[in-house]
Amino acid sequence: ILGGYEAKPHLKPYMASLQLDGQHICGGFLIAKQWVLSAAHCTEETDGKMFQVLLGAHSLTEPEPHKRLYRVRAQIPHPGSNIHNNKDDLLLLQLEEEAELNAHVQVLPVQREDRDVAPDTVCEVAGWGTINHSGRRPDKLYQLERPVLSRDVCNHRTRHDHTITEKMMCTDSRRKDTCKGDSGGPLVCNGVAEGVVTAGSRVCGNYKKPAIYTRIAPYAAWIDGVIAAGDG
Ligand SMILES: NCc1cccc(NC(=O)c2cccc3[nH]c(C(N)=O)cc23)c1
């Protein structure tokens with residue numbers, strides 16, 4: 001998160017850190033007791049290794065009440081996701097067991113009505129991604145408020161040049177932006193998860209490259225299907 005600030009501890013109890021060998025790789029969030037939603041691109045450099053999911057955390061390293069690392073039983077990327085574009089950039093992770101819910105671990109409701117969030121709506125995004133241009137990685141969760149950018153502006157020739165589909169949305173990226181390690185985290189508008197951070201052009205903090213999110217509503221049926229099948 002560039003240009004943001006340290007979040008108040010445990011006020012985003014849905015936040016997850018996807019880790020490999022104890023290192024934060026991507027964000028994610030709890031959408032059901034045994035399920036975390038993140039971004040498919042996060043599995044790009046994991047050469048087949050399974051993530052572990054840290055829940056209930058503010059600091060990545062310090063001991064905290066209710067902070068717990070969960071093993072993952074299954075990682076299910078959206079079938080349409082691929083390394084060549086940002087389409088269908090979603091990943092569902094089934095935890096080995098149901099997360100123990102408490103003050104620091106809670107499920108975040110996801111948007112199921114497929115209607116665009118109005119431009120200029122101020123939403124918030126949080127993560128343990130890099131906090132400056134030299135790639136400094138924070139120990140604590142950071143957050144940022146950002147206004148939604150209309151798809152027409154985001155698709156302008158000088159911005160994302162007509163690559164933003166109706167299953168994506170954008171926020172203004174002038175100085176304050178998502179960055180490496182924030183992928184997979186939720187864009188929360190009025191207390192509901194409307195989008196999932198995608199790396200897109202990987203550029204951070206440049207107003208010519210607005211932040212891109214995979215909208216969740218268009219994928220509600222896919223999510224429900226995977227959870228129903230996975231829960232058996
Ligand atoms: N503001 C939009 C936005 C949102 C989320 C993430 C990112 N930027 C990256 O993720 C990124 C950046 C720089 C080098 C990188 N190398 C790699 C990599 N996987 O090797 C990723 C990156 C950008």
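Let me start with the pocket. In the largest pocket, strand β3 supplies the largest share of the lining, four residues. A quick caution: this is a predicted model.

How big is that pocket? The volume of the largest pocket is about 770 Å³. Its lining runs to 38 residues. Nearest the centre lie Lys 180, Gly 181, Ser 183, Ala 199 and Arg 202. Which elements give two or more residues to the lining? They are β3, β12 and β13, the last spanning 211-215. By type, the lining residues split into 14 nonpolar, 17 polar and seven charged.

Now the core. β3 turns up here again: it gives the most to the largest nonpolar core, with five residues. That core has 44 residues. The residues with the most contacts inside it are Leu 18, Phe 29, Ile 31, Leu 37, Val 53 and Leu 55. Several elements give it two or more residues: β2 (15-20), β3 (23-32), β4 (35-38), β5 (52-55), β6 (68-77), β7 (91-95), β12 (192-198) and α2 (220-231). As background, nonpolar side chains in soluble globular proteins tend to be buried together.

Take Leu 37 as an example. Skip its neighbours within four places in sequence. Leu 37 then contacts Gly 28, Phe 29 and Ile 31, among others. Its contacts also include Leu 90, Leu 91 and Leu 92. Further along the chain, they include Gly 184, Val 196, Ile 216 and Ile 223.

There is a second, separate core, with 13 residues. Ile 1, Val 117, Cys 123 and Leu 187 are among them.

Next, β5. Are its faces covered or open? Both are covered. On one side, Gln 52 and Leu 54 are buried; on the other, Val 53 and Leu 55 are buried too. β5 pairs with β2, antiparallel, over four bridges. β5 also pairs with β6, again antiparallel and over four bridges. Follow Gln 52 through both pairings. Gln 19 stands opposite Gln 52. In β6, the bridge partner of Gln 52 is Arg 71.

Last, another glutamine. Gln 94 sits in strand β7. Why do we call Gln 94 buried? Because its relative accessible area is 6%, and the cut-off for buried is under 20%. What does Gln 94 touch? Leave out residues up to four places away in sequence. Gln 94 then touches Gln 34, Trp 35, Val 72, Arg 73, Ala 74, Gly 230 and Asp 231.

To recap: β3 gives the most to the largest core, and the largest share of the lining of the largest pocket comes from β3 as well.

Technical notes. Residues are numbered from 1 along each chain as its sequence is written. This is a predicted model: local features need pLDDT of at least 70, side-chain atom pairs count only at pLDDT 80 or more; totals for chains, interfaces and linings use all residues. Side-chain values use heavy atoms; hydrogens and water are left out. A nonpolar core is a set of buried Ala, Val, Leu, Ile, Met, Phe, Trp, Tyr and Cys residues joined through side-chain atoms within 4.5 Å. Buried means under 20% relative accessible area, exposed over 50%, partly exposed in between (1.4 Å probe, protein chains only). Contact means heavy atoms within 4.5 Å. Two strands pair if DSSP finds at least two bridges between them. On a 1 Å grid over the protein atoms alone, a cavity is a set of points where a 1.4 Å probe fits but cannot get out, and a pocket is an open set with protein on both sides within 12 Å along at least five of seven lines; lining residues have an atom within 4 Å of a point. Grid points are joined across faces, edges and corners, and a volume is the space filled by probe spheres set on the points. Ala, Val, Leu, Ile, Met, Phe, Trp, Tyr, Cys and Pro count as nonpolar, Asp, Glu, Lys and Arg as charged, and the others, Gly among them, as polar.
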